[in-house]
Amino acid sequence: MPSLLLALLALAPLPQQARSAPPSARVLAHEPVQNALDVARTSAVRVRFSQPIDAGSLDATSFQVLGRWSGVRSGTFQVSEAGRVVRFVPASPFSAGELVTVSLARTLRSTLGAPLARGYAWSFWAGSSAGNGTYTLTGTLFPGQTPYGVYGGDLDGDGDLDLAVPNEDSSDVSVYLNQGGGSFGAEATYAVGFHCSSNEAADLDRDGDLDLAVSNILDHDVSILLGNGDGTFQPQVRHDVGDEPRGLAVLDVEGDGDTDVVTANRITSDLSLLRNAGDGSFAAETRFQGGLNRETSVVTADMDRDGLLDLVVVGYSSHDASVLRGNGLGGFTPLVPRTLGTNPWMVMVGDVNGDGHNDVAAACSAAGRAALSFGDGAGGLGLATTYVTGSFPIAVELGDLNGDGWLDLVASSYGGDFDLFRNQGGGVMGGHTTLPAPSAASCVALHDRDGDGDVDVTGVDELADRVLLFRQDG
């Protein structure tokens, strides 16, 4: 009898709490690959998983494809190979020359009910048509007082690239909607904070259209302007951060499908994290250290190829840059900094030398130079190479100006013009030309403003209070 009882007990199911959970799904491979350059604008995004994926968990939040200029991409999902491969086919082409980021959230789950082990993200660059490298000034816009910072993406969802320009001294954002072919309608203005500066766009409330996050330097806070989908915006909501937030980045720090905001605060010499509740509202800031002196600019990218987004920060007074490694849970660990040049002001990231790793470009204001530091794919940065610019460069931007598949560099000099450096291959910059600024070249957007397939330059002059529309010819 005891032996029969033991046998029956052995056959009995285990209590629910004792059963082991199914293993988490993981990303095994994806196309386009990390930091791919010159990707066809009609390319699909393909991901192979370790387990079959529940098609019911696929949506624009769990599998987001975001063009820096074209915004949240709509499209269709195709599931194959018994659910282990998911293919996203965009409904329309990417914008020429733009950076595209794919973000997979932990809400994505397998057919066994297991969520993705952690968030996963990577980026690639859409290709552009060949340009001849010459530019014509086709128009000038006159926003508010002291414009600095420009976002050049599709704010109304019509496929044409619009403009959002913060104006430091009039404390507002000028929005210009593209009427097609690079001509713009009347200015609309939206109130933000004092000495507003860097701004980025993302879908902050998960409704499919673009919203704006703007840092207000002298009010020590961030303005959130939720978009209505037609190029208009709701009144600002303000969120306190550290003192003088001069840099701002948008990313999903914990893989929950919500886009969060990070600022670099020069005076308190730290960073602030604003966690998104999912509807475009944010919890009170969390402050953390960047390991530098007077953090001034911040961007996001996967610097160590682990599928998690990191931060790259520059220190104005320590004259260096550092990678802050993300842990996928909202935490960041500073790695060893690399000296760049005197008083770096703005930083950008992209694969400049074509080795598949993200590199760092910065405007070293007091040195009169732009610096390039190549990444090693593990979060480390190499010895900086510098290029002479105009006096007091305060902004840099990366993009493929001539459609040859290499990222070029543009520096904007407050005491000079817009300096264009063309990548000769392998990250060596040559072919230096300039585009004139009336008073003070401050920043640019590199985007296909007129929709002809090549990359144009939209420049901002903050002393002349102008936006300069340079069209690439040919």
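**View 1. Three phenylalanines gather in one aromatic cluster.** Phe63, Phe77 and Phe88 make up this cluster. Keep in mind, here and in the views below, that you are looking at a predicted model. Aromatic pairs are a good thread to follow through the structure, which holds 12 of them.

**View 2. Tyr190 and Phe233 meet edge-to-face.** The ring centres of Tyr190 and Phe233 are 5.5 Å apart and the planes stand at 80°, so this pair counts as edge-to-face. The two partners come from distant parts of the chain, 43 residues apart: Tyr190 belongs to strand β14, while Phe233 sits in the loop between β17 (221–225) and β18 (237–240). Tyr190 is buried, with a relative accessible area of 14%, and Phe233 is buried too, at 7%.

**View 3. Phe418 and Phe470 form another edge-to-face pair.** Here the ring centres lie 6.3 Å apart and the planes are at 70°. Phe418 is part of strand β34 (residues 418–423) and Phe470 part of strand β38, so their contact ties together parts that are 52 residues apart in sequence. Phe418 is buried, with a relative accessible area of 0%, and Phe470 is buried with 4%.

**View 4. Strand β11 is largely enclosed by the rest of the structure.** The strand covers residues 172–176, and 5 of its 5 residues are buried. Asp172, Ser174 and Tyr176 point one way, and Val173 and Val175 point the other way. In a regular strand, side chains alternate between the two faces of the sheet. β11 pairs with strand β10 (residues 163–167) in the antiparallel sense over 5 bridges, and Ala164 stands opposite Val175. These two strands form a hairpin with 4 residues between them, and Ser171 in the turn has a positive phi of about 55°. β11 also pairs with strand β14 (residues 188–191), again antiparallel, over 4 bridges. There, Val173 stands opposite Tyr190, the tyrosine of the ring pair with Phe233.

**View 5. Four strands make an open antiparallel sheet.** Follow the order β28-β29-β30-β31. β28 (344–350) and β31 (385–388) are the edge strands; each has a single partner, so one side of each is left without a neighbour in the sheet. Neighbouring strands are turned by 20° against each other on average, direction ignored. Strand β30 (residues 369–373) is joined to β31 by 4 bridges, with Leu372 opposite Thr385.

**View 6. A nonpolar patch lies on the surface.** Phe392, Tyr414 and Leu463 make this patch of about 260 Å². Leu463 is found in the loop between β37 (456–461) and β38 (466–472), and with 48% relative accessibility it counts as partly exposed.

Technical notes. Residues are numbered from 1 along each chain as its sequence is written. Side-chain values use heavy atoms; hydrogens and water are left out. Patches are made of residues with over 30% relative accessible area and no salt bridge: like charges are joined within 9 Å, nonpolar side chains (Val, Leu, Ile, Met, Phe, Trp, Tyr) within 5 Å. Accessible areas come from the Shrake-Rupley method with a 1.4 Å probe; for residues, only the protein chains shown count as cover. A salt bridge is a side-chain nitrogen of Lys or Arg within 4 Å of a carboxyl oxygen of Asp or Glu. Buried means under 20% relative accessible area, exposed over 50%, partly exposed in between (1.4 Å probe, protein chains only). Two strands pair if DSSP finds at least two bridges between them. Axes are lines fitted to C-alpha atoms, for helices over the stretch in contact, and angles run from 0 to 180 degrees between N-to-C directions. Rings of Phe, Tyr and Trp (its six-membered ring) pair if their centres lie within 6.5 Å; planes under 30 degrees apart count as stacked, over 60 as edge-to-face and the rest as tilted.
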